[in-house]
Amino acid sequence: MLQNRSSYPSQQSAVAPSLASSSEKSIPTSLTPSSLRTVTTPRKVTIYDRNLNRRAPELSLAAFAFLFNEVVQYSQKNVKGIQEMEIKLSEYGYHVGQRVLELTVVREIKSAKRETRVLGLLQFINTGIWKSVFGKPADALEKSKDQEDEYMIIDNDPIVNKYISVPREMSQLNCAAFQAGIVEAVMDGCQFPARVTAHSVPTDLFPLKTVFLVKLDPVVVERERYMR
Amino acid sequence: MSFYLAIVGTKDNAVYDLEFGTYRQGGDGRPKFSADMKQLCPFIVHSSLDIVEEMQWNTNVMHLKVIDKFYNYLISSYMTAGNIKFLLLHETRADDVIRQFFVDLYDLYVKTLMSPFYSVDQPITSAVFDQRVKMLAKKYL
């Protein structure tokens, strides 16, 4: 370590003692206030210096798939069953969703409004959120025929599942539970508590077709009835 | 003129608060609340939360403007998409300026939220955030 430091220009070596751990007491030799004054430490760039509106260019799908692959593997550890694993995945998604909601709204601050009705919010998720996260709107939004408090968001080809093939013994699993977590966080954040689950509904045309079932909390249903 | 700003989380928990004064008309940016008022500020502001909750379902705008009055003091409120409330106690009515202040504050808040080490409803302790809010106050109020 010492040898490395000796190759630094002399100005920087004056800062080194303060950076070094306290165990190395032998280093500070001629540390006078005047020598400190000449050192200009570069200002740290904080998260507040970044621009929220600058969108990153399209991210590489391969990098995302690789990362998500690790997420799935990680969530597979220490779980007893598939259901537990889906809950874990959904929790990871929840943290994403909480942030995505505010970020998406703040980026469209000109037209910004809060969603106060279920349908408006679901449409916002269907187009706004989906577009900002996955780059395309979801394929359909349906209301359940027999259940008043259930809605379905349908994605024919969810990006998270693109490179995931579920083994036969785990056929119950749908890794889009992560995506369901995002939706749940957005619903919760807007004060529409709901349970969101992901279900595979493979068709010949779309083998990865996933339905996100949104089951609203009774509180929301009641409020909606009151507001009508 | 003096101001009191509070950010309130989704569970009506305190996230951040700040007292400050105006820089306009020769002000020095220090709050000039009387000793009594200094103690009352948090009470007045938080008691207006009831009104916010009542209003939030009747309108879909974010800036709820002046929602409450307490003698000479007015309380403006702004509600984010994720139900974080910004409450500002002030003395004169200036909806436009306050709206701009809130919009920029929202921007700052979202930046805080983007940090993986911050989660919703956690108190904001960042010194940089504090400094940025004071800069906004100087710019607008």
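**Figure 1. Asn83(B) counts as buried, with 20 C-beta neighbours inside 10 Å.** Let's start this tour of a predicted model in the loop between β4 and β5 (85-90) of chain B, where Asn83(B) has its place. Its backbone deserves a look too: phi of Asn83(B) is positive, at about 65°, although the residue is not a glycine. Why does Asn83(B) count as buried? The cut-off is 20 or more other C-beta atoms within 10 Å, and Asn83(B) is buried because it has 20 such neighbours.

**Figure 2. Tyr71(B) is another residue with positive phi, a value near 50° in a residue other than glycine.** This view moves to the loop between β3 (63-70) and β4 (73-79) of chain B, which holds Tyr71(B). Is Tyr71(B) buried or exposed? With 8 other C-beta atoms within 10 Å, Tyr71(B) is exposed; a residue falls in that class with 12 or fewer. Viewed side by side, the two loops make a handy pair: Asn83(B) counts as buried, whereas Tyr71(B) is exposed.

**Figure 3. The strands of chain B form an open sheet of five, in the order β2-β1-β5-β4-β3, with antiparallel pairing.** At the edges of this sheet are β2 (14-21) and β3 of chain B, each of which pairs on one side only. From one strand to the next, the twist averages 20°. A good place to zoom in is the pairing of β1 (residues 2-8) with β5 of chain B, an antiparallel match over five bridges. Within it, Tyr4(B) stands opposite Leu89(B) of β5(B). In a regular strand, side chains alternate between the two faces of the sheet.

**Figure 4. Chain B as a whole has four helices and five strands.** Follow the chain along its sequence and you will meet these elements in the pattern β-β-α-α-β-β-β-α-α. How do the dimensions of chain B compare with those of a compact globule? For 141 residues, such a globule would have a radius of gyration near 14 Å, and chain B agrees, with 14 Å. Along the principal axes, the C-alpha atoms of chain B fill a box of roughly 40 × 35 × 30 Å. Of the 141 residues of chain B, 37% count as buried. Among contacts in chain B with a separation of 6 or more, 51% come from residues 24 or more positions apart.

**Figure 5. Chain B meets chain A through 22 residues, which are in contact with 22 residues of chain A.** On the chain B side, the elements that give two or more residues are α3 (95-114) and α4 (127-140). Which element gives the most to the side of chain B that touches chain A? That is α3(B), with eight residues. By residue class, the side of chain B that touches chain A divides into 14 nonpolar, five polar and three charged residues.

**Figure 6. Helix α6 (residues 82-107) of chain A packs with α3(B) at an angle of about 150°.** The axes of α6(A) and α3(B) are 10 Å apart, and α6(A) passes α3(B) in a left-handed crossing. From α6(A), the contact uses Arg99(A), Glu102(A), Leu103(A) and Val106(A). From α3(B), look for Tyr106(B), Asp107(B), Val110(B), Leu113(B) and Met114(B). The residues of this contact of α6(A) with α3(B) comprise six nonpolar, no polar and three charged.

**Figure 7. In chain A, four strands form an open sheet in the order β1-β2-β4-β3, with antiparallel pairing.** The edge strands, each pairing on one side only, are β1 (140-143) and β3 (194-200) of chain A. On average, neighbouring strands of this sheet are turned by 20° against each other, direction ignored. Helix α8 (residues 177-189) of chain A lies across β2, β3 and β4 of chain A and runs at about 160° to β3(A).

**Figure 8. Strand β2 (residues 150-155) of chain A is joined to β4 (residues 210-216) of chain A by six bridges.** These two strands run antiparallel, and Ile153(A) stands opposite Phe212(A) of β4(A). How many residues does the hairpin between β1(A) and β2(A) pass through? The hairpin joins β1(A) to β2(A) through six residues. Four bridges link β1(A) and β2(A), which run antiparallel, and here Ala140(A) stands opposite Ile154(A) of β2(A).

Conventions
Residues numbered from 1 in each chain as written. Chains lettered and ligands numbered in written order. Predicted model: local features only at pLDDT ≥ 70, side-chain atom pairs only at ≥ 80, totals over all residues. Pairing = 2+ DSSP bridges. Axes fitted to C-alpha atoms, helices over the stretch in contact; angles between N-to-C directions. Contact = placed C-beta atoms within 7 Å. Rg over C-alpha atoms; globule rule 2.2 N^0.38 Å. Nonpolar A, V, L, I, M, F, W, Y, C, P; charged D, E, K, R; others polar. Left-handed = near helix turned anticlockwise from the far one by under 90°.
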